[in-house]
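Hi everyone, thanks for making time today. I'd like to walk you through a structure that may be new to you, so please have a look at it with me.

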Amino acid sequence: MDLAGKTLGQFRITEAIGRGGMAAVYKAYQPSLDRYVAIKVLSAQHALTPDFSERFVREARAIAQLNHPNILPVIDFGQEDDLSYIVMKYVPAGTLKGKMGQPMELETALRLLEGIAAALDHAHSRGILHRDVKPGNVLLDENDWALLADFGLAKMVSGSSELTGSGVGIGTPAYMSPEQCQGMPVDVYTDIYALGIVLYEMVTGRLPFDADTPFAVVMKQISDPLPLPRSIRADLPEDVERIILKATAKTPQDRFETAGDLARALRAAITPDPPTTLLPNNARKKATPRLADLYTQALGYFYTEQWAKAIKTLETIVATQPNYEDGDAARRLEQSKEQVQLADLYTQAQRALSDENWMSAIARLKEIIALNADYRDAEALLKQAKRQKELGNLYSDAKKLHDSGQWQAVVGVWDHIRNLDANYPDTDGLLTQAQSKLRQERAAEAAKRQAEGRARHLSDLYRRGLTHMAADEWQQAATLFAQIETMEPDYQETSGLLERARREIASREAKAPVIQANEQTKTSRIVLPPDWKKYWPALFIGVLVIIAAIFLFNSGDKTPTPASLPDISTVGKVTREDLFVSNRSGKREIYRMSKDGNVVQWTHSPGGSESWSPTLYQGGSLVFASDRDGKREIYRMDKDGNVAQWTHSPGKSESWGPNVYWGDLLVFTSNRSGKREIHLMDKDGNVTRWTHSPGSSESWGAVMYQDKSLVFTSDRDGKREIYRITRDGEVIRWTHSPDKSESWSPVMYQDDSLVFTANRSGKREIYRLDKEGTVTQWTHSPGNSESWSPSVAVNG
């Protein structure tokens with residue numbers, strides 16, 4: 001919007017002379033004083049900001065109170081309609097921006113910077129920040145006198161948030177401090193940083209940070225180190241470069257305390273014997289010319305961190321006049337001595353760190369922090385030294401445990417070391433040796449457990465065989481003794497007992513009646529033994545039993561018989577995915593659903609017992625868990641419906657959760673050791689405990705991986721997670737559930753990925769962990785519903 005020809009208050013606008021992102025500047029005529037003025041009109045959009053009008057009036061009044069020869073004076077301000085404007089002195093010559101592009105003479109840069117610094121110190125002493133110091137806001141009159149303009153303008157348009165819509169503080173990116181770029185609170189150090197950038201541009205002829213976009217410049221202000229001025233202008237004195245680096249330090253507290261301190265340090269660096277006019281008026285009145293010169297030199301040394309020279313010069317001043325400059329010389333002398341002490345301690349600490357003398361490094365760094373908590377990177381170095389000391393102590397502990405043969409403890413200590421430093425060197429090969437010894441121990445323990453399991457199994461078979469003998473059940477006894485003889489031919493009295501059982505069977509078969517069939521007449525007759533009369537009572541009872549059975553079979557309702565159960569050969573191939581558990585009959589039973597949706601009940605548990613956890617065995621028989629004998633055991637049902645108990649858990653212990661792999665290997669959960677652990681039963685009936693959970697933790701719900709390692713659920717780390725135990729006995733934690741969530745019920749997917757249940761989303765859902773370690777939530781149950789216990793194709 002062009003306001004030329006319009007009137008604001010008593011000012012008649014004649015022409016536009018400049019425009020920026022926050023305001024437009026016009027030349028205007030003031031008839032009452034017959035002069036031209038400059039009017040800065042703020043963009044109308046700012047009037048929409050909450051409380052803008054009140055903030056504009058407050059800031060404009062504060063700026064109008066500034067009265068300094070290096071500050072462009074504010075003549076008036078006002079608001080008309082949706083326009084807010086500030087009236088200032090009209091300076092036609094131009095701005096400092098017009099002189100940029102080539103390196104300035106150091107004396108010229110010093111003269112201009114002293115004027116800007118004086119203006120900033122005057123405003124800062126009255127609690128007013130500029131927030132947008134840059135060459136374009138430094139006006140120059142016909143004598144090149146610097147006038148700083150636009151005080152508080154950034155705050156007027158930004159309000160209390162100090163942020164633009166992009167989240168970056170109001171200002172010009174090329175001159176903004178790191179904290180201003182991040183939208184953090186600003187103070188006098190922000191203006192000092194911008195003044196340091198202006199000085200950099202004056203003496204080098206270019207800006208330190210340049211990029212294609214303002215945002216990229218902002219990121220460089222925050223993260224990139226300042227390009228050294230001497231890399232651009234080689235003849236620049238080192239002291240001037242140090243002054244610029246100090247003024248533009250990333251940390252505000254590392255910069256000059258005031259803009260005047262920056263100007264005085266620059267004069268001391270450029271002029272070896274500066275005039276006393278640089279000193280404050282009260283110092284000039286009471287100081288001799290020699291002390292004034294020394295004080296100026298000392299300030300130059302102080303701000304360029306030349307501590308030895310600063311101490312020598314300040315000691316001369318304090319010896320002559322102890323309370324010089326109201327004690328400032330004495331204070332700076334103590335600060336210089338402290339800096340020398342800090343530098344010496346820092347050097348000692350670095351040497352100790354290099355020599356890996358962690359105790360000495362920690363002591364020196366603690367001394368530094370006690371003197372100055374923000375000194376360089378002392379805090380970070382202290383943390384590093386403490387961590388290295390802890391790592392050294394842990395390595396010593398691992399070595400002691402290694403020497404005493406505590407292999408599991410060595411591995412545990414190394415886990416702690418790796419958590420602190422994944423690359424910590426194992427110079428003595430402790431971990432490799434411990435892992436090898438641990439594998440050997442576990443292999444020996446596994447062999448021992450297998451031998452003990454075999455011995456227990458043989459003992460159980462032998463006991464059961466004797467029991468059948470005592471009950472005159474010779475066929476069952478012979479079967480058990482034959483199994484024992486196959487496993488261990490010389491086991492106790494097995495050979496003699498087997499021979500006896502076989503004799504009894506042969507004797508009874510000889511005395512039994514024989515049915516002879518006549519193929520021609522299609523009739524049969526019973527041939528009795530010669531002494532059949534001795535057995536007539538038994539024969540009579542047998543005939544009655546047969547008659548009763550025939551009567552019951554033809555009497556109407558029939559109970560399920562093996563013949564009435566589904567035959568795999570007639571219903572098609574059954575897979576594990578066809579099976580499911582349901583309580584639709586009033587209790588848990590196993591069902592099968594065919595491809596056309598027909599559901600068949602496959603188990604008929606007697607009484608109040610139930611059946612669950614189905615899986616398939618070789619030949620198509622069904623393996624499942626059931627409590628039909630009063631406690632949980634694993635059973636097998638062939639395709640003719642014959643049910644046989646497969647596990648015989650000792651005492652009150654139980655077995656459940658079966659899975660069958662490679663045709664004849666049964667993997668199941670049992671508490672026969674007093675808590676839940678994973679067990680294996682081979683085709684010979686040998687039971688082996690495969691997991692040994694530490695402490696009171698347990699392991700359950702196992703499936704087999706394709707390399708015959710075991711995948712299972714355990715709470716050995718304080719909550720349910722999924723683990724894998726290799727054939728060498730090494731236990732690997734496979735899932736790492738975040739926070740308090742857990743993972744359980746593993747199954748292996750067809751591409752070797754892991755599918756499991758977890759509550760990491762706040763409720764039970766099914767997840768998949770691929771071979772690269774990426775976890776994907778597979779189910780998304782609506783509302784408060786949940787999904788769990790996945791069943792997918794299993795390897796093996």
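I'll talk about a pocket, then a pair of helices, then a sheet. Please keep in mind that this is a predicted model.

Let's begin with the largest pocket, which holds about 1,500 Å³ of space. Its lining comprises 43 residues, and those lying nearest the centre are Arg442, Ile725, Gly729, Glu730 and Val731. Two or more lining residues come from each of α15 (407–420), α16 (430–470), β21 (687–689), β24 (721–725) and β25 (731–733). Which element gives the most? That is α16, with 12 residues. By class, the lining has 17 nonpolar, 10 polar and 16 charged residues.

Now let's stay with α16. Its axis comes within 12 Å of the axis of helix α18 (residues 494–511), and the two cross at roughly 30 degrees. The crossing is left-handed. On the α16 side, the contact is made by Tyr462, Leu466 and Met469, and α18 brings Thr494, Leu497 and Arg500. That makes 4 nonpolar, 1 polar and 1 charged residues in this contact.

Finally, back to β24 and β25, two of the strands we met at the pocket. They belong to an open sheet of 4 strands, ordered β22-β23-β24-β25, with antiparallel pairing. β22 (699–704) and β25 are the edge strands with a single partner each, so each has one side without a neighbour in the sheet. On average, neighbouring strands here are turned by 30 degrees against each other, ignoring direction. Further in, β23 (residues 710–714) pairs with β24 over 5 bridges, and Thr713 sits opposite Ile722 of β24.

How values were computed:
Residues numbered from 1 in each chain as written. Predicted model: local features only at pLDDT ≥ 70, side-chain atom pairs only at ≥ 80, totals over all residues. Heavy atoms only, no water. 1 Å grid on protein atoms, 1.4 Å probe; cavity = no way out; pocket = protein on both sides within 12 Å on 5 of 7 lines; lining within 4 Å. Points joined across faces, edges and corners; volume = space filled by probe spheres on them. Nonpolar A, V, L, I, M, F, W, Y, C, P; charged D, E, K, R; others polar. Axes fitted to C-alpha atoms, helices over the stretch in contact; angles between N-to-C directions. Left-handed = near helix turned anticlockwise from the far one by under 90°. Contact = heavy atoms within 4.5 Å. Pairing = 2+ DSSP bridges.
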